[in-house]
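Q: Please give a close reading of the strand pairing in this model. Cover the hairpins and the sheet, then the helix packing and loops that go with them.

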Amino acid sequence: MDRATAAHPAGQPAPDVADHGDDSAAFRRDLIAGLSGAAKQTKPKYLYDERGAALFEEICELEEYYPTRTEIGLLRAQAADIARSLGRNAMVIEFGSGATVKIRILLDALQEPAAYVPVDISREQLAENSRILAAEYPRLSVVPICADYTRPFPLPGELDGGNRVAFFPGSTIGNLLPDEALDFLQSVRATVGSGGSLLIGVDLRKDPDVLRAAYNDSKGVTAAFNLNLLERANRELDADFDLDAFRHEAVYDHDKGRIEMRLYSLRPQEVRIDGARIPFADGEYILTEVSHKYSVDGFQALAARAGWQAKSCWTDQADYFSLHHLIAG
Ligand code: AVI
């Protein structure tokens, strides 16, 4: 964890943050290990290099991809109620600092927010967002922290005893396996401590046709996002994936209540990754990402196991998406 220099009121210098991003050695090691087992799979974080992050932003704008606009609509529609539930002088600790649209809605609604603490592993994103928000909210203390937010990290002393509110929008929790989600919720609980709370966005179970359309969009942006993993391996690891020999498909698994993003091999083939040779059978696939969908009760039960007590829950009219305010128990 690297505590960044605080960008305090009235736009003081941009924060100085260190970059702890994955290096290519870790990508090579993880990719080869993930493709060497009987069930081929890769860690979803490798989808998000610069191009992957740009493609994900494009996904968020797609007609078929409902989560982003539904969550933003829900935040806007319920802003006053959410602000009441979160309370005055909130110190908002955002886990991940991507697009700033959601945090702005929250900050605009909150009663005298005391601090904004974005936490991210990416130095550039963190510095840029901190600079923008410090300039836009001159009375707010902006305290960026460069850290892997999936593990507990210490909060700066000035947040002790305040109204600490973790904010984790986007249903990114869905990309974790249930055990990982439990660990993550426990870790957030440890980070905010007793008296803290969590506002989290969680995508809900729904008609599988809606889900399949959202992850197999008609413009092929999600396919490009998924296939970019192989392009990235070719770019960074000198691998020789033939991009025409793989196809994207997102499949909904009813029993597990999750979308699985897959890359299917279109023929028997062997791929070279930096000296390793990986065989693929015709029709064999790589599982690149899972996206779990929860029921409101199911998510609250999971959160309870991690030491959180449900205080409020908001859903949109179609019950597509939920926002939960949880209190550290
Ligand atoms: C980041 N995450 C919440 C997205 C999701 O919906 O699971 C990632 C994504 N993958 C394909 N489309 C969107």
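A: What follows takes the paired strands first, then the helices, loops and cysteines.

The model is predicted, and local features need pLDDT of at least 70, side-chain atom pairs count only at pLDDT 80 or more, while totals for chains, interfaces and linings use all residues. Residues are numbered from 1 along each chain as its sequence is written, and side-chain values use heavy atoms, with hydrogens and water left out.

Helices (H or I, at least four residues) and strands (E, at least two) are DSSP runs, numbered from the N terminus. Two strands pair if DSSP finds at least two bridges between them.

One sheet in the model is open and has three strands, in the order S8-S9-S12, with antiparallel pairing. Its edges are S8 and S12 (285–292), each of which pairs on one side only. On average, neighbouring strands of this sheet are turned by 20 degrees against each other, direction ignored. Seven bridges connect S9 (residues 258–265) with S12 in the antiparallel sense, and tyrosine 264 has tyrosine 285 in S12 as its bridge partner. Helix H8 (residues 208–215) packs on this sheet and touches S8, S9 and S12, where contact means heavy atoms within 4.5 Å. The direction of H8 makes about 155 degrees with that of S8; axes are lines fitted to C-alpha atoms, for helices over the stretch in contact, and angles run from 0 to 180 degrees between N-to-C directions.

A hairpin is formed by S10 and S11, with two residues between the strands. S10 and S11 (residues 276–280) are antiparallel and share five bridges. Glutamine 269 is opposite phenylalanine 280 of S11. In the turn, aspartate 274 has a positive phi of about 45 degrees. The side chains of S10 (residues 269–273) alternate: Gln269, Val271 and Ile273 point to one face and are buried, whereas Glu270 and Arg272 point to the other and are not. Buried means under 20% relative accessible area, exposed over 50%, and partly exposed in between (1.4 Å probe, protein chains only). Such alternation between the two faces of the sheet is what side chains do in a regular strand.

Another hairpin joins S13 (residues 308–315) and S14 (residues 321–328), which run antiparallel over seven bridges. Tryptophan 314 has leucine 323 in S14 as its bridge partner. Five residues lie between these strands, and aspartate 319 in this hairpin has a positive phi near 60 degrees.

This region is met by a residue of helix H3, threonine 70. Leaving out residues up to four places away in sequence, threonine 70 touches Asp316, Tyr320 and Phe321. Threonine 70 counts as buried because its relative accessibility is 13%.

The axes of H3 (residues 66–77) and H5 (residues 101–109) come within 10 Å and cross at roughly 10 degrees. H3 and H5 are therefore roughly parallel to each other; angles under 35 degrees count as roughly parallel, over 145 as roughly antiparallel, 65 to 115 as roughly perpendicular and the rest as oblique. On the H3 side the contact involves Thr68, Glu71, Ile72, Leu75 and Arg76, which meet Val101, Lys102 and Ile105 of H5. These residues comprise four nonpolar, one polar and three charged. Here Ala, Val, Leu, Ile, Met, Phe, Trp, Tyr, Cys and Pro count as nonpolar, Asp, Glu, Lys and Arg as charged, and the others, Gly among them, as polar.

Most residues other than glycine have a negative phi. Two loop residues depart from this. Serine 171, not a glycine, has a positive phi of about 55 degrees and sits in the loop between S6 (163–168) and H7 (178–192). Serine 171 is buried, since its relative accessible area is 7%. Aspartate 238 also has a positive phi, near 55 degrees, in the loop between H9 (221–237) and S8 (246–253). At 53% relative accessibility, aspartate 238 counts as exposed.

Aspartate 179 belongs to H7 and is exposed at 57% relative accessibility. Its C-alpha is 9.5 Å from that of leucine 302, although 123 residues separate aspartate 179 and leucine 302 in sequence.

Finally, the cysteines. With a disulfide taken as a pair of cysteine sulfur atoms within 2.5 Å, the count is zero. Cysteine 60 is buried, with a relative accessible area of 16%, whereas cysteine 313 is partly exposed at 30%.
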